[in-house]
Amino acid sequence: MVSARLSIDPRFAVGTVDRRVFGSFVEHLGRSVYDGIYEPGHPAADSDGFRTDVLDLVRELGATTIRYPGGNFVSGFRWEDSVGPRADRPRRLDLAWHSTETNEVGLHEFSTWLDKVGSELMLAVNLGTRGTAEALDLLEYCNVPGGTTLSDRRIAGGAKDPLGVRMWCLGNEMDGPWQLGCRSADDYGKLASRTAKGMRQLDENVQLVVCGSSGATMPTFGEWERVVLGHTYEDVDFISCHAYYQERDGDLASFLASAVDMDRFIETVVATADHVKALKRSDHDVNISFDEWNVWYMDRFQNVEKIKGIGNWPTAPRLLEDIYSVADAVVVGDLLLSLLRHADRVKAASLAQLVNVIAPIMTEPGGPAWRQTTFFPFAVTARLARGTSLRTLVSCDKYRTASYGDVDVVDTAATYDEDAGRAALFLVNRHLTEPATVTVDLRSLPAMDLLEAPMLSDSDVYAKNTLTEPDRVTLRSNDTATCKDGVLTVTLPPISWTALSLG
Ligand code: AHR
């Protein structure tokens with residue numbers, strides 16, 4: 001049996017948890033939109049063709065903002081194709097995913113869907129094959145109340161009120177050789193700066209995200225951030241981080257410690273941003289939008305799924321449809337802990353993605369929609385992690401990993417909402433075989449009772465939810481949790497994720 005002791009004290013505040021940290025991502029990719037959120041012939045479809053069973057699940061997931069329409073897709077996207085009368089919209093080649101984009105669902109339809117969900121739109125502009133002018137046109141179309149050609153075109157398209165899009169991504173993964181229009185840091189930084197300045201001239205309220213590296217393993221990581229921020233520091237609010245994790249070569253111990261990598265990634269980008277801040281003698285911070293993160297078995301896409309051929313451009317093919325295990329969900333839950341631990345600087349994040357494509361929600365055409373294992377830690381954390389993130393003062397046994405050296409067996413994060421009189425503690429036991437006993441000193445908080453203790457754990461860590469067995473994995477209550485005289489004790493099964501809600 002391994003053990004961990006920690007204390008939670010409201011004086012050790014990290015920062016306010018921005019609700020936008022619980023964002024997600026819908027890209028025109030595979031069956032994310034078509035046969036995902038939108039399937040007009042489905043028995044559960046509403047009058048707009050949106051699946052109400054999917055809508056219910058997205059609401060239950062609690063995604064606060066949704067990044068759209070890509071991803072790699074956006075770097076070849078002509079936004080004008082996706083507005084105006086549907087019958088006139090062109091069918092286009094999507095080079096990113098070697099598919100056909102019908103434009104049946106476009107900006108207006110997606111915005112209608114978001115209204116039904118109750119989430120905020122985060123739009124990406126194409127800085128791959130296009131540039132500043134087209135980005136300004138899209139911003140005018142979305143946010144200007146009326147009286148100009150583009151804003152009036154929006155009104156004619158059915159949206160009388162401006163869409164009021166607040167967050168904008170200045171392109172996507174512009175450092176990646178796979179990206180249409182990929183550029184050097186210097187070239188991209190100049191383009192992003194010009195575009196950002198123009199967008200602010202048009203709408204001073206926009207919040208802008210400049211592209212960081214597409215991953216910490218990119219050869220230009222670190223230098224890319226320094227050079228890009230050198231050009232854009234005063235023009236932007238956020239720099240993006242993207243990270244995907246997978247179990248490699250059967251090394252489950254390292255995979256379970258993926259949040260160690262995310263911690264280091266965030267801290268490196270924050271240090272680089274702050275270095276540029278010092279050089280610029282700036283008085284504002286550039287924060288992090290971790291706008292793509294998840295478990296993704298990317299090798300499968302590279303080696304098996306890639307579509308090829310000049311005559312082969314399918315519509316909504318099955319792509320990136322990873323089926324997640326309990327172990328994957330424990331890692332997703334742990335990555336959320338890393339985001340919460342950095343609540344002072346990670347002010348937005350997007351679980352990539354939402355439906356069918358590396359997603360917490362799966363659908364079958366004409367059939368059911370169901371929750372993947374990864375749905376559970378996200379939904380519970382989005383519901384319970386409110387107020388201020390608190391540093392947890394932990395002393396804990398370690399275990400050895402091939403990728404990250406010795407790491408804590410028990411990973412933790414805590415939040416405290418003083419106004420609501422609520423606290424939440426999130427715990428992951430990364431040990432492959434041993435349960436962990438955890439003792440938490442809560443005496444610095446007002447007296448509280450334990451309200452709930454949802455837990456994800458299974459004797460088969462590779463158990464999954466599938467079309468034939470959609471409820472194989474669900475949350476259970478961790479009944480070992482007790483709270484008495486300000487001391488909480490709980491036992492965590494091996495490879496498990498637990499949330500403790502107090503109030
Ligand atoms: O989320 C899938 C893809 O991963 C996105 O399109 C791209 O931005 C990233 O490489």
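A polar contact is a pair of N or O atoms within 3.5 Å. This cut-off serves as the starting point for reading the ligand site of the present model, which is a predicted one. A polar side-chain atom of Glu292 lies 2.6 Å from an oxygen atom of the ligand, and this pair is therefore a polar contact, because the separation falls within 3.5 Å. Taken alone, the ligand exposes 280 Å², of which the protein buries 96%.

Two further side chains approach the ligand through polar atoms. In Glu27, a polar side-chain atom is found 2.6 Å from a ligand oxygen atom. In Tyr244, an N or O atom of the side chain stands 2.8 Å from an oxygen atom of the ligand. The ligand itself sits in the largest pocket. Around the ligand are Phe25, Glu27, Gly71, Asn72, Trp97, Asn172, Glu173, Tyr244, Glu292, Trp296, Gln353 and Ile358. Sorted by class, this shell comprises five nonpolar, four polar and three charged residues.

Two residues of the shell take part in cis peptide bonds. Gly71, one of the residues around the ligand, follows Gly70 through a cis peptide bond with omega near 15°. Gly71 belongs to the loop between β3 (65-68) and β4 (92-94). Gln353 is likewise listed around the ligand, and a cis peptide bond with omega of about 0° joins Ala352 to Gln353. The position of Gln353 is in the loop between β11 (346-352) and β12 (361-363).

Another shell residue, Trp296, can be related to Ala243 in strand β9 (residues 238-245). Ala243 and Trp296 are separated by 53 residues in sequence, while their C-alpha atoms are 9.3 Å apart in space. Ala243 has a relative accessibility of 8% and therefore counts as buried. A second pair of positions separated along the chain involves Gly128, in the loop between β6 (120-125) and α3 (132-143). The C-alpha atoms of Gly128 and Gly171 lie 6.8 Å from each other, although 43 residues separate the two along the chain. Gly128 is buried, its relative accessible area being 8%.

Buried side chains also make contacts with the backbone. Glu109 lies in helix α2 (residues 107-117), and its side chain reaches the backbone nitrogen of Gly106 at 2.7 Å. With a relative accessibility of 12%, Glu109 counts as buried, because the cut-off for that state is under 20%. His431 is placed in the loop between β18 (422-429) and β19 (436-441). The side chain of His431 reaches two backbone nitrogens: that of Thr433 at 3.1 Å, and that of Glu434, which lies 2.9 Å from a polar atom of the His431 side chain. The relative accessible area of His431 is 18%, so His431 is buried.

Finally, two loop residues combine exposure with a positive phi. Arg281 is not a glycine, yet has a positive phi of about 50°. Arg281 occupies the loop between α8 (258-280) and β10 (287-295), where its relative accessible area of 70% makes it exposed. Asp485, also a residue other than glycine, has a positive phi near 50°. Asp485 is located in the loop between β23 (482-484) and β24 (487-492). Asp485 has a relative accessible area of 65% and is therefore exposed, since the cut-off for exposure is over 50%.

Technical notes
Residues are numbered from 1 along each chain as its sequence is written. This is a predicted model: local features need pLDDT of at least 70, side-chain atom pairs count only at pLDDT 80 or more; totals for chains, interfaces and linings use all residues. Side-chain values use heavy atoms; hydrogens and water are left out. A residue is near a molecule or strand if one of its heavy atoms lies within 4 Å of it. A polar contact is a pair of N or O atoms within 3.5 Å; within protein, one must be able to donate a hydrogen and the other to accept it, and residues adjacent in sequence count only if both atoms are side-chain atoms. Accessible areas come from the Shrake-Rupley method with a 1.4 Å probe; for residues, only the protein chains shown count as cover. On a 1 Å grid over the protein atoms alone, a cavity is a set of points where a 1.4 Å probe fits but cannot get out, and a pocket is an open set with protein on both sides within 12 Å along at least five of seven lines; lining residues have an atom within 4 Å of a point. A molecule sits in a cavity or pocket if more than half of its atoms lie within 2 Å of its grid points. Ala, Val, Leu, Ile, Met, Phe, Trp, Tyr, Cys and Pro count as nonpolar, Asp, Glu, Lys and Arg as charged, and the others, Gly among them, as polar. Helices (H or I, at least four residues) and strands (E, at least two) are DSSP runs, numbered from the N terminus. Buried means under 20% relative accessible area, exposed over 50%, partly exposed in between (1.4 Å probe, protein chains only).
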